[in-house]
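Thanks, everyone, for making the time this morning. I would like to go through one model with you, starting from a small local detail and working outwards to the chain as a whole.

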Amino acid sequence: MRDAIAMWRNTKMVVLVALSAALYAAILIPFKPIPIIPGITEIRPAAAVPIVTGLLFGPAAAWGCGMGNLIGDFFGTVGPGSLFGLLGNFLLAYIPYRLWHLIYRGRPAVGSLRQLPGFALVTLAGSAACGVVIAYGIDILGIAPYAVVATIITVNNFLVGIVLGMPLLALLYPRAHHWGLTYLQIMADEDVGSGMLAPVAGLVVVAAGVVGALAALDKMGVFAITGAIARALATHHPVGAAVEASRGTALWMPEEMSLRELGLACSVLLCGGAALLARLPWRYRPVGMTTATKGEEAAPTGLRVADLSFAYPDQKVPALEAVSFRQKPGELRFLMGRTGAGKSTLCLCLNGVIPQLQQGQYRGKVEAAGCDVARLPVAQTAQQVGVVFQDFESQLFCSDVVHEVAFALENRGVLPQQMHKAVERWLNTMGLSHLRHREPATLSGGEKQRLALAAVMAADPQVVILDEPMTDLDPQGATEVNQAFGRLHEQGRTLLIVDHNSPRAAQADVLMVLAEGQLAYEGSAQELLSEAQRAQELEIGPLPTADIFARIGLSARPVTVAAAAKELRRLGAQLNQHQWEQLLQQEAERASSYGQLIVQAHDVHFSYTETPALRGVSLEVHRGEFVIILGSNGSGKTTLCKHFNGLLKPQSGEVVVAGQSTDQRDTADLAGIVGYLFQNPDHQLFADTVYAEVAFGPRNLGLEDPEVDQRVRHALTLTELEGYEQADPFALTKGQRQRVALASVLALGPQVIVFDEPTTGLDIPQQQAMFKLLSRLNDEGQTIIMVTHHTELALSYAHRAILMAAGQIIADGPARQVFSEPKVCARAHQSLPASAELSQELFGVTLLSPAEFAHCVRLPERPGEGEQR
């Protein structure tokens, strides 16, 4: 009975035990006042529940229905016989499930008419087994005779099972399968497979149950009475006299045979046969642990993925399709691709969350750190395979930072001294030591991401899977964390990192690219990322230097800025003075076109704890500006922006919006002037449809339906969401959800829109699309204030840059001017874009993007070099 033991290691199966017990008891209890044999059994329409749930939930239903019967007994019939009731009801669910699995070889019971013969057989076997075992126990306890109890229970269970079971199974199976709750979807084949003696055991179980039940019926004279009635009717004799004469007569049970002895023999055969229907409970090696096949090298700390496919429920197109690769122990791989390409799905497959906790159609094999992750419980896999999810906030739940990092170690029983050492090491590595007593919910997005990383790494996994682990980190923080990963790589740790950042991905031993669920590239990272056109065809970002060279028509593929500068000097690259001066003139004209002041901050101070979040911040924003606010994690960027729409109020100082202090306005009033998009769009989405989501704000302003409809349609047009009006916002991609959140803000008609990290979690094309949308809104007169860590992309569109550090503004001015000061940028943990660094080194000017570089730099024509370019 391996399955009945192994299921207790699976959380879903344990939950199904409780569900089955609760359901069975809830239907049993109301019928307790209607006994068939007082104090022993009652009318049981609930008898269909063990059979149906057994076919759906397997061993979980067997345990649950046994316990559910015991719970029901406490409401009127509890006694020594309840123990036999527990065993009998266990078999009532277990035997139909095991026989079905044996006969139909793992095909599910769906309640169709074609399956009726098989359903009748397993229902009869389970009903008879339940009746025989309970009747034997009741008989030896001297409570009631075997023949009476066995007959009543068997007949009641069988008739109710046949009448109610099939329609109930047809009703429940589609729902259980949809939610991934059938035992076939949850348990490993190795655990639910039939035993070597299963065919023989099946015959024994059916025979013992039927013989035990028939013997009871015969001993009660049922067959004799039935025969007498038939003869009387045939010969026209009185039926009553014939029945009376046959009462208590057995046709085939010998007078000297004791039903108690027969009941004992049948009960032993039933229990032994049921146990042999499944595989033996022991194994020669731990479940899930794999060994290399003959001629194949073992990879105890690496990854091996073979023909992996997965489709989410109700999705026609699979998220992954026939993905195969092998990652050597100690190898560093990066994984890139569009949003929706299957990257996060692959990460979840690598530690067993798929298929064990996420339903869907799963095919293929995944081995990680020597474990077959589809068979090993996720909790056990997690000891070897650490994962930081894309939604890292979902991994944080402790009361403070220290306990969060120590959580996994505490649960594994690590000694306090070792635990303290590991916690301190990763707090220091992730720059969290000064936040050790902070509640995770009060941290900035980047600090939360560092904390999730520290919590996973402190557990010392051999394989580390990181799903976009640096999206919310400032450039310097991302560099530091990336260096920590480099040290892990040097120590022989196996790492797979999902990232959209090409310079970081270029350090990989191997780069993989997923496209539409399939592996589109596996090979050298630098080779692919230095080919701008090829990278763009795969919809990933090339290296910045490769992008610059491609734009100016050069075939060379430098990886670093130093190599690019050397090559451009060799080619005699020059600054096009006319284009440069024209660019500066355009910026001056744009600055003179700004409107009146719309947002002002005067000496603003604010603290969440004893450490100030804002320290004397002052700034002014004019109508029509496009402002980006940059700085390290925890420097006060989000805190400052929340003052602009009244989500926070200054503890000292003043914030003025549209000429009026925020202290004199409520947040609802300010929402019509300053729209705010949160870092995570899901935090502000809640409606069932896109239309309802976008219409929510205007309706709360008290606008009439025609005006609401006009605003909604205009906002959807601006955000390119026409046709999605009736779509479920949460079924959209993150990029689309960002647009829905933006549309809901635009529908309010705000004069200023504040974006807090609007490109987090978006792929390169989505990031570019978002910035182009914001630039178009700005061109139409919208004031944009943005907090971002995507400095290089933001500088292609922003007019003005504000740098923050430790709650203060340390630089504020035109973006070109601010990024002409590398030392000031470094104080705010900002690195120069490759185009700025390259142009400063070559020409002493600051070009903010590859497009600007290509526009302002020219190469002299040299004989024989045209083709090389």
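Let me begin with the hairpin formed by β22 and β23, which leaves 2 residues between the strands, and please keep in mind throughout that what you see is a predicted model. In the turn of this hairpin sits Ala-806, whose phi is positive, at about 55°. The strands themselves cover residues 800-805 for β22 and residues 808-814 for β23, and they pair in the antiparallel sense over 6 bridges. If you follow β22 to Arg-800, you will find that this residue stands opposite Pro-814 in β23.

Let me turn now to the enclosed spaces. The count comes to 2 cavities of 30 Å³ or more, and the largest cavity holds about 120 Å³ of space. Its lining draws on several parts of the sequence, including Ala-6, Met-7, Arg-9 and Asn-10, then Ile-186, Met-187, Ala-188 and Asp-191, and also Gln-356, Ala-374, Arg-375 and Pro-377. Sorted by class, that lining has 7 nonpolar, 2 polar and 3 charged residues.

The second largest cavity has a volume of about 70 Å³, and the residues that line it include Leu-55, Leu-56, Tyr-97, Trp-100, Arg-107 and Tyr-183. Which elements give two or more residues to the lining of this second largest cavity? They are α3 (48-57), α5 (81-104) and α8 (183-186). By class, the lining of the second largest cavity divides into 9 nonpolar residues, 1 polar and 1 charged.

Stepping back to the whole protein chain, we have 37 helices and 24 strands, and the C-alpha atoms fill a box of roughly 120 × 70 × 55 Å along the principal axes. Of the 869 residues, 54% count as buried. Among the contacts with a separation of 6 or more, 70% are accounted for by residues 24 or more positions apart.

Finally, a word on confidence. The protein chain averages a pLDDT of 86, and 91% of the residues score at least 70. Over residues 283-299, however, the pLDDT is below 50, although this stretch has 34 contacts in the model beyond near neighbours in sequence. Residues 865-869 also stay under 50 in pLDDT, and for them the model has 10 contacts beyond four places in sequence. Where pLDDT is low, the predicted coordinates should not be read in detail.

Technical notes:
Residues numbered from 1 in each chain as written. Predicted model: local features only at pLDDT ≥ 70, side-chain atom pairs only at ≥ 80, totals over all residues. Heavy atoms only, no water. Pairing = 2+ DSSP bridges. Helix = DSSP H or I, 4+ residues; strand = E, 2+ residues; numbered from the N terminus. pLDDT = per-residue confidence, 0-100. Contact = heavy atoms within 4.5 Å. 1 Å grid on protein atoms, 1.4 Å probe; cavity = no way out; pocket = protein on both sides within 12 Å on 5 of 7 lines; lining within 4 Å. Points joined across faces, edges and corners; volume = space filled by probe spheres on them. Nonpolar A, V, L, I, M, F, W, Y, C, P; charged D, E, K, R; others polar. Buried < 20%, exposed > 50% of the residue type's maximum accessible area, 1.4 Å probe, protein only.
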